[in-house]
Structures are given as C-alpha cells and as structure tokens.
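I opened this model to go through the fold, the domains and the contact between chains. My notes follow in the order I looked things up.

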Protein chains: 2
Amino acid sequence: MVEGIRVTGVVDAVAEALRAAAIGGELEPERAVTEAWVASRFAVARPSAKAAIEKLVAEGVLERTAHRSARVRRLDADAVRDVYRTRRRIESAAIRELAAERRRPDAAAEADAEIATHLGGSSVDIVDPDLRFHSAIVDALGSERTSRAYRSLTEEVRQCMAQVQGRGLISVDTILAEHERILELIADGDGEAAAAVLAEHLGRAEERLAAAVSTP
Amino acid sequence: MVEGIRVTGVVDAVAEALRAAAIGGELEPERAVTEAWVASRFAVARPSAKAAIEKLVAEGVLERTAHRSARVRRLDADAVRDVYRTRRRIESAAIRELAAERRRPDAAAEADAEIATHLGGSSVDIVDPDLRFHSAIVDALGSERTSRAYRSLTEEVRQCMAQVQGRGLISVDTILAEHERILELIADGDGEAAAAVLAEHLGRAEERLAAAVSTP
DNA sequence: GGCTCCAGATTGTTAGACAAGTATACCGAG
DNA sequence: CTCGGTATACTTGTCTAACAATCTGGAGCC
C-alpha cells in the first residue's frame with residue numbers, strides 16, 4: 001500500500017484518501033471510480049478498494065447502483081436546500097437549549113476569532129472555521145447522536161463548497177457580525193431571537209449555494 | 001446461502017437477517033458475533049459475513065473494537081437519554097414547521113387510529129404504531145436527510161424495547177390522548193404548545209425507559 | 001433506421017491462505 | 001497462595017486467484 005502511518009488499517013486509509021480527493025475536487029463527479037482503479041491507485045487489493053468505496057457510499061460521498069461504477073455524488077439545488085433546512089432544525093434546537101441555560105459555547109467564540117483574522121480576505125478561507133463555529137454550537141449539547149447527525153451535514157456542505165469552487169459565498173464581515181449576534185443573544189438567554197438570526201443566516205447561505213450549484 | 005428472495009445481494013440479506021435477530025432479542029448482548037459464526041449460520045463466505053457485520057456496526061446495531069468480535073450493543077440509561085433528547089430536537093422542529101402551515105399529517109392520524117384498536121390492551125403491541133406516528137410527523141416535512149436522521153433513532157428505540165421486554169411502558173390511553181392533543185394543536189397553528197406537549201410526552205417515555213434499562 | 005444479440009468491462013461472491021493482534025490460560029517465581 | 005510473565009489459541013485484517021452475474025456499448029441483421 002501507499003506509504004503513511006497506519007493508525008487503523010488499509011481500508012480506512014484508502015477511504016480517507018479517497019474522501020479527501022473527492023471533496024478536494026480532484027475527482028470530477030462524472031468520472032467513474034472503479035474498484036480496479038482505486039486498487040491500483042493506492043496499491044491495495046481489490047477487496048480493500050471495494051470496502052473503502054462502500055464506506056464512502058454509506059457516508060454519502062460516493063453514489064452507486066448495482067453492478068455500476070461508483071461516482072462522486074453531484075449535489076443539486078434540492079440537495080443543498082435539504083441539507084440547510086436539516087441544519088437549521090438541529091441547530092435552532094441547540095441554540096434554544098443553550099440560551100435557556102445562558103451557556104455560551106467557548107469553542108464557537110474561538111472559531112469566530114479565527115474568522116476575524118481573515119477580515120477583508122477571501123470567503124473561501126473561512127469555510128473551515130465557519131463550519132467549526134456551527135459545529136461547536138451543536139457539540140456544546142454534549143449529545144453524541146445529535147453531533148453525529150450534524151457532522152454528516154457539514155461533510156456534505158464541505159463537498160458542496162468544493163463543487164462550486166468558492167462561488168456564491170457571503171462576505172466575511174456579514175458572517176462574523178451575525179455569529180457574534182447569535183452568541184450575544186445566547187448569553188442573554190433570548191433563544192427565540194437567536195434562533196431567528198440563525199434562520200436568516202442559514203437561509204441566505206442556502207439560497208446563494210443553491211443558486212451556485214445549479215449554474216455550472 | 002439461505003433460501004429467500006435476493007433483491008439486492010447476499011450481504012444485504014445477511015445484514016437484514018442479523019439486524020432482525022439483534023432487535024428481536026435472539027442475540028444476547030453478551031454473546032460474541034464472530035465472522036465465522038455468521039458465515040456458517042447463513043452459509044455464506046466469510047468476506048460476506050464481514051461486510052454484513054461492518055454494515056451493522058456502521059448503523060450502530062453492533063459494536064466492535066479492532067481485532068475483537070462484534071457484539072450486540074447494549075443501550076444504557078445515558079444512551080436512552082441521548083436518543084430521546086435527539087428525537088425531541090428533531091421532532092419539535094418538525095412540529096413547529098407543520099403548525100406554522102397548519103398542516104396536519106394524515107399518516108400520523110392513521111397510526112393513531114391503529115393505536116386506538118389496542119385500547120386496554122398491552123402497551124407492547126403499540127410500540128410499532130407509536131413509532132409510526134412520530135415518524136409520520138417527521139416524514140411530513142419531505143426532507144430526506146431529516147427523515148434519515150430520525151429513522152436511525154427509531155431503530156435504536158426499537159432495539160431498546162426488545163432489550164427491556166416491555167417493561168417501563170406508558171399506558172395506551174395516555175399515549176393516545178397526548179397524540180391527539182398534538183395533532184389538534186398543529187391544526188390550530190399553535191406550534192409552541194404542540195412542542196411543549198411533545199416534550200413532556202417524550203420526556204416521560206425517556207425517564208421510564210432509562211429506568212427500565214438500568215434495572216435488569 | 002431500428003432492433004437484436006454478442007463481447008468486453010465491472011461488480012458480486014467465494015475459496016484459501018497467511019499475517020497481525022488480542023485475550024486467556026498456564027506456569028514459574030516470590 | 002498470589003502475582004506476573006509467557007505462550008498458545010482465537011479472531012480479525014489483508015491478499016491472491018478465480019468464477020458467476022450483470023450491465024454497457026457496438027456490430028450485424030432485418
């Protein structure tokens with residue numbers, strides 16, 4: 001197999017590399033990802049390549065029908081809307097709960113600090129800290145299952161971002177201002193208002209991204 | 001392999017049979033589920049058994065650490081609380097959205113009709129229609145991702161019910177009354193009140209189940 | 001030109017083998 | 001008798017090789 005540390009096993013290493021290639025945009029959504037290609041590309045046996053592909057299919061990164069090659073999944077406008085609406089449902093619930101206890105998640109504030117260092121820069125650079133901000137809010141609940149559900153959504157967002165190559169993003173200033181407003185309202189215990197700001201925040205991103213994915 | 005229609009393939013068939021055995025209680029949580037055992041039990045090759053096991057591990061039905069046999073996962077009180085709190089987050093959001101449009105889900109009312117036929121009977125018989133009621137509310141959103149997240153939770157509830165063998169259930173009358181009240185409030189457009197009834201409804205079930213799983 | 005059928009390609013499944021890792025039983029030392 | 005280290009058995013992880021099932025695309029025929 002390809003060099004590198006083996007923390008878990010060959011299959012997981014290949015799956016990780018494949019996922020990185022998929023969301024990094026190195027694998028076009030049209031190209032077929034055959035088991036044989038993966039096996040030779042990473043110098044592993046075909047069963048291992050098969051297992052890695054199936055893992056990514058289960059995650060939703062790849063899609064496949066029986067006896068057909070797998071492909072990188074292409075997200076359309078409907079998928080983007082579904083992702084963002086599901087995000088909003090989970091995250092509003094999290095915000096309401098945190099506000100009820102006036103519990104401001106520190107990790108979210110730290111993510112905001114990193115966003116602030118990119119003020120005036122490109123919006124592409126803040127995709128990562130932005131997702132960290134939102135994940136921090138959900139993770140603050142300490143709920144394994146809620147966090148897992150939300151994580152799969154952020155993975156899809158990341159993949160979507162790679163697909164649109166930075167088109168349709170919101171300005172850094174606006175994002176940061178709304179984030180800070182949300183944290184303030186949580187600290188004030190006004191969950192309803194915080195949820196409203198979040199809904200608008202995600203709603204705008206949803207519209208921009210949905211438009212971006214449908215105009216290639 | 002064992003007889004039966006092969007709609008998808010050997011691996012899926014074995015995974016389905018294994019899942020049924022796990023949530024049906026035929027596999028005690030203590031017993032080790034080895035690849036060799038699964039392979040001989042269903043007359044398939046070991047790689048196929050391995051794939052089926054890994055699928056169930058990904059679903060959360062089984063658990064496994066590296067180089068150790070898989071086991072049916074035992075849900076403790078913390079797990080039950082996590083499941084129910086996550087359910088509440090998703091379902092409250094769904095109820096609020098439906099109430100905002102005064103959209104009463106027909107499928108939920110139908111599930112209630114079936115529950116009504118068991119009035120005075122055992123609570124075990126209504127586990128299925130009860131979960132159908134709650135799933136119908138979420139599915140009414142028409143969101144693939146939200147429904148998928150919720151489905152994995154109901155599967156865990158089902159597994160939990162098999163584990164406690166009917167102990168710690170709520171009376172059929174109470175469940176039915178609260179269901180109808182929720183549907184009424186949705187039709188009235190009072191999402192806040194409907195969500196409050198739901199929170200109490202799930203909260204009580206959470207406490208009962210959490211107590212039941214910790215007293216074997 | 002449209003339909004049928006065949007060949008190539010790809011996945012699905014199986015068999016057997018060996019390596020690697022973990023847990024447990026056993027045995028010796030204190 | 002207890003404690004600790006070793007050795008063995010069991011299980012999983014991965015590979016090679018092969019064949020069956022199925023889908024795709026194009027050649028040939030009507």
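**Entry 1: two loop residues in chain B.** A reminder to myself before anything else: this is a predicted model. I began with backbone angles in chain B. B:Q165 sits in the loop between α7 and α8 (172-188) of chain B. Its phi is near 55°, a positive value in a residue other than glycine. I found another case at B:A43, where phi is near 60°, again positive without the residue being glycine. B:A43 is also in a loop, the one between α2 (35-42) and α3 (46-59) of chain B.

**Entry 2: the fold of chain A.** I counted nine helices and three strands in chain A. Going along the sequence, I wrote the order down as α-β-α-α-β-β-α-α-α-α-α-α. Next I checked the overall dimensions. Chain A has a radius of gyration of 19 Å, and the globule rule gives 17 Å for 216 residues; the two are close, so chain A is as compact as a globular protein of that length. For a box along the principal axes, I noted roughly 55 × 40 × 35 Å for the C-alpha atoms of chain A.

**Entry 3: the domains of chain A.** Where do the domains of chain A run? The assignment puts domain 1 at 10-72 and domain 2 at 77-214. Their C-alpha centres are 29 Å apart. Six residues of domain 1 of chain A and four residues of domain 2 of chain A make the contact.

I then looked at what this contact is made of. Domain 1 and domain 2 of chain A bury about 430 Å² between them, with 57% of that from carbon and sulfur atoms. On the domain 1 side I listed three nonpolar, two polar and one charged residues. I searched for salt bridges between the two domains of chain A and got zero. Polar contacts across this interface also came to zero residue pairs, with both residues required to be at pLDDT 80 or more.

**Entry 4: chain A against chain B.** How much area do chain A and chain B bury between them? I have about 1,700 Å², 40% of it on carbon and sulfur atoms. Three residues, A:D82, A:R89 and A:R145, supply 42% of the area that chain A buries against chain B, more than any other three residues. The contact takes 20 residues from chain A and 20 residues from chain B.

**Entry 5: polar pairs across the chains.** I counted eight salt bridges across the interface of chain A and chain B, and 18 residue pairs in polar contact there, both residues at pLDDT 80 or more. On the chain A side, the elements giving two or more residues are α4 and α7 (144-164). Of these, α4(A) brings the largest share, nine residues. By class, I noted seven nonpolar, three polar and ten charged residues on the side of chain A that touches chain B.

I pulled up two of the salt bridges by name. A:E97 pairs with B:R88, the closest N and O atoms being 3.7 Å apart. B:R145 pairs with A:D82, and here the closest N and O atoms are 2.9 Å apart. That second pair crosses from helix α7 (residues 144-164) of chain B to helix α4 (residues 77-100) of chain A. For the record, the salt bridge count over all chains comes to 47.

Note on methods
Residues numbered from 1 in each chain as written. Chains lettered and ligands numbered in written order. Predicted model: local features only at pLDDT ≥ 70, side-chain atom pairs only at ≥ 80, totals over all residues. Heavy atoms only, no water. Domains from an automatic or database assignment. Contact = heavy atoms within 4.5 Å. Buried area = accessible area lost by both parts, 1.4 Å probe. Salt bridge = Lys/Arg side-chain N within 4 Å of Asp/Glu carboxyl O. Polar contact = N/O pair within 3.5 Å; in protein donor to acceptor, adjacent residues only side chain to side chain. Nonpolar A, V, L, I, M, F, W, Y, C, P; charged D, E, K, R; others polar. Helix = DSSP H or I, 4+ residues; strand = E, 2+ residues; numbered from the N terminus. Rg over C-alpha atoms; globule rule 2.2 N^0.38 Å.
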